[in-house]
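Colleague: Please pick one part of this model and take me through it slowly. I'd like to see how it sits among its surroundings before we move on.

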Amino acid sequence: MPLSAAASAREILTRLHDVMASRAAAQGKLNSVVNIIGEALDSEVCSIYLLREGVLELYATRGLAQEAVHVTKLALGEGLTGMIAKNVETLNLDEAASHPDFAYRPETGEDKYHSFAGVPIIRKERAVGVLTVQHADPRRYEEVEIEALQTVAMVLSELIANAGLVDEAGGGGSTRPQSTATARVSGFKLVEGMAAGAAVFHQPRITIEHTVAEDTEAERHRVYAAFDKMREQIDRMTSQADFGAAGEHDEVLETYKMFAYDEGWGRRINEAIDSGLTAEAAIERVQQRTRMRMRQIDDPLLRDRMHDLEDLSNRLLRIVSGQLGTAAQMGLRQDSILIARNLGPAELLEYDRRRLKGVVLEEGSLTAHVTIVARAMGVPVLGRVKDIRRLIAEGDRLLVDGTEGSLVIRPTGAMDEAFDAKYLITQKRRAVFAALKNELPVTTDGHRVTVMVNAGLRDDVAALDLTGADGIGLFRTEFQFLVSATLPQRESQRRLYKDVLEAAGERPVVFRTVDIGGDKALPYLDHDENGDEENPAMGWRALRLALDREGLMKVQARALLEAAVGKTLNVMFPMVSEPWEFDEARALFESQRAWLEARGHKLPLHIRYGAMLEVPALAEVLDILLPNVDFLSIGTNDLTQFLFAADRAHPKLAVRYDWLSPSILRFLRRVTAESHAAGVPIAVCGEMGGRPLEAMALIGLGIDRLSITPAAVGPIKAMVRSLDRTKLSGVMTELLTHPPKDMRAALLDWANENGVELA
């Protein structure tokens with residue numbers, strides 16, 4: 001086997017070039033291709049399967065029975081080959097039969113072969129075929145061989161597309177959708193708001209027509225020139241971006257710029273050119289590997305970083321191919337809703353904010369960089385809308401409802417009127433809630449409820465003045481870690497915490513120490529020693545990881561102590577399972593306080609230490625914990641899924657994830673009563689407290705401190721000011737003593753009967 005992936009691929013591509021240029025029929029060319037690959041990789045079997053009429057058909061083979069050609073067919077997801085096509089992934093196995101998806105087809109005569117490797121043949125971002133190799137001896141194919149196969153698969157996609165051998169992928173906004181009727185689809189709320197406008201596709205698909213390079217050096221120079229132009233564009237856009245205030249979006253753009261200047265990315269493209277690909281094909285080759293890695297990454301935050309690289313690849317590909325026409329460059333002519341599979345933060349900045357009313361994405365997440373920038377711009381974003389490029393055509397009228405997570409395509413006149421009416425009501429409701437900004441959340445029987453907000457960005461602090469909230473009950477410090485390309489230095493952390501405290505003024509801020517690890521893995525921290533966690537939400541994360549990585553926590557402790565000079569510092573430790581964990585974390589902070597004091601540094605006036613109750617086991621040892629804490633905060637999101645053993649994101653378990661279940665309410669009542677008896681303030685800082693009906697139930701249990709999303713402050717204040725807490729407490733006692741069949745319905749009926757405002 002040749003020494004490098006580039007040399008392996010180049011040897012094969014040189015021979016394939018002659019085959020593709022010949023006048024032979026398509027079948028004859030494919031027969032030659034499998035022989036060339038088999039010989040070059042010293043592989044006894046090489047086969048090509050192509051997608052025809054929705055199934056994978058064996059089109060050419062070296063080594064398997066020739067009688068099986070055009071006879072053996074596999075459904076997407078059937079067998080190893082079907083799984084490669086379905087998941088658009090690569091497989092490399094030393095013993096194929098041991099894989100759970102292995103499916104034996106006797107007509108092929110493949111029973112004597114052990115090793116198996118396969119790569120998808122990709123066109124227009126989907127698998128249109130599969131290229132496989134097999135060997136009699138059990139062995140894994142080397143990485144250089146797999147890379148050579150992936151490069152060859154790119155060339156094959158051009159050959160089979162030109163020969164019309166595969167079902168063409170549709171969509172992309174270039175053709176009319178299958179139906180022109182009105183449609184309503186759901187999505188995930190990324191940035192709330194309502195917007196109406198014409199559908200505009202961010203960019204047309206760029207199809208690579210020529211994959212094999214004639215002059216490698218010329219292709220390399222084309223890529224260098226494209227890199228220079230791309231970096232110039234990004235420097236200009238990020239320097240001109242104006243959000244009106246500093247915030248985490250600034251750090252997002254700096255991280256994005258770092259990707260643009262990443263030498264490793266450029267080196268991988270150069271290696272692909274060395275293998276014999278054109279500049280366009282080399283960029284696409286690296287981009288395909290990125291997409292396959294994205295499909296294998298469970299952590300959404302790492303996927304978000306890969307999306308930035310995808311965005312940059314698209315930009316570089318448009319420059320090098322000369323196909324520069326994105327919707328942003330052509331200009332928006334009317335109120336528009338932008339449609340894309342995903343976007344990078346810089347791409348969003350290119351659009352005219354006066355006409356860009358909303359964004360709809362096939363992918364996207366709450367922590368994606370484009371979401372952060374869109375929030376700063378005030379643009380509603382709906383994500384995870386499936387098949388949008390198949391359902392929508394350019395120019396279709398769209399109604400985006402970011403409050404419900406819905407999208408209406410080609411609405412009727414009546415739908416337009418209903419949307420306008422709801423939008424007007426929403427604006428009026430906002431005005432009503434805004435009028436409560438300076439009103440205290442006091443129940444009708446005179447009980448004061450503390451309503452605070454959750455935050456994680458500098459910008460979020462502005463919500464205190466906008467909503468009249470009492471303070472920040474949960475500042476998620478990990479967000480700075482998640483958007484940074486490297487571990488944030490102490491000075492960077494100190495500056496953020498100081499800015500937040502100064503912006504909050506006299507209002508309290510509760511800093512939760514960093515909650516990373518598990519399902520919030522960071523690319524710059526080594527997690528290999530822990531292996532792949534089957535249940536990362538319950539794994540090596542939060543305080544467990546922080547106590548294990550003492551240096552990380554010491555740096556954060558110093559940063560918080562230095563930021564809070566002359567003020568009260570409220571520190572809360574996440575995911576405390578046992579009292580000794582809290583004691584160790586507090587001792588670590590105190591050691592840093594003593595270190596600073598010994599060196600004459602100024603200190604906070606007072607330090608209050610709290611614990612988050614998210615792990616149910618902690619409730620059984622509250623008698624040990626409570627004498628040592630200054631406050632307790634219940635994180636209902638994790639707590640509830642741990643109590644129910646039900647992942648809150650799992651669609652089949654969603655109906656079981658009910659905060660108004662008697663078991664949840666009884667658990668919370670017990671914890672609240674024990675905290676009150678110990679004289680320890682208790683709060684709820686999960687989503688449960690931001691929903692009026694659920695918040696009403698919490699107040700009935702004795703909870704009088706809530707920390708919620710800023711958007712929920714107005715509705716919660718309105719609910720509190722219409723509520724008789726004394727009357728509700730008695731009702732809650734009765735309902736939990738003799739639980740009704742439907743607790744939610746019973747509480748809703750009581751609220752309606754007693755004039756409690758739940759809108």
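Modeller: Let's start where helix 3 stops: the next residue is V88, and its phi is positive, near 50°. (Helices are DSSP runs of H or I with at least four residues, strands are E runs of at least two, and both are numbered from the N terminus.) Bear in mind that this is a predicted model, where local features need pLDDT of at least 70 and side-chain atom pairs pLDDT 80 or more, while totals for chains, interfaces and linings use all residues. Numbering runs from 1 along each chain as its sequence is written, and side-chain values use heavy atoms, without hydrogens or water.

Now go back into helix 3 itself, residues 79-87. Because 7 of its 9 residues are buried, the rest of the structure largely encloses it. (Buried is under 20% relative accessible area, exposed over 50%, partly exposed in between, with a 1.4 Å probe and protein chains only.) Reading along from the start, the buried ones are G79, L80, T81, G82, M83, I84 and A85.

What do those buried residues pack against? Strands, by way of contacts (heavy atoms within 4.5 Å): strand 1 (45-52), strand 2 (55-62), strand 3 (73-75), strand 4 (91-93), strand 5 (115-123) and strand 6 (126-135) are the partners. C46 is buried too, with a relative accessible area of 0%.

For a contrast in type of element, have a look at strand 17, residues 509-512. V509 and F511 point one way from it, V510 and R512 point the other way, and all of them are buried. That fits the general pattern: side chains in a regular strand alternate between the two faces of the sheet. Strand 17 has a parallel neighbour in strand 16 (residues 472-476), joined to it by 3 bridges; I472 is opposite V509 there. (Strands pair if DSSP finds at least two bridges between them.) Strand 17 also pairs in the parallel sense with strand 18 (residues 568-573), again through 3 bridges, and F511 has V571 in strand 18 as its bridge partner.

Zooming out, the protein chain has 27 helices and 22 strands. Of its 759 residues, 55% are buried. Among contacts with a separation of 6 or more, 69% join residues 24 or more positions apart.
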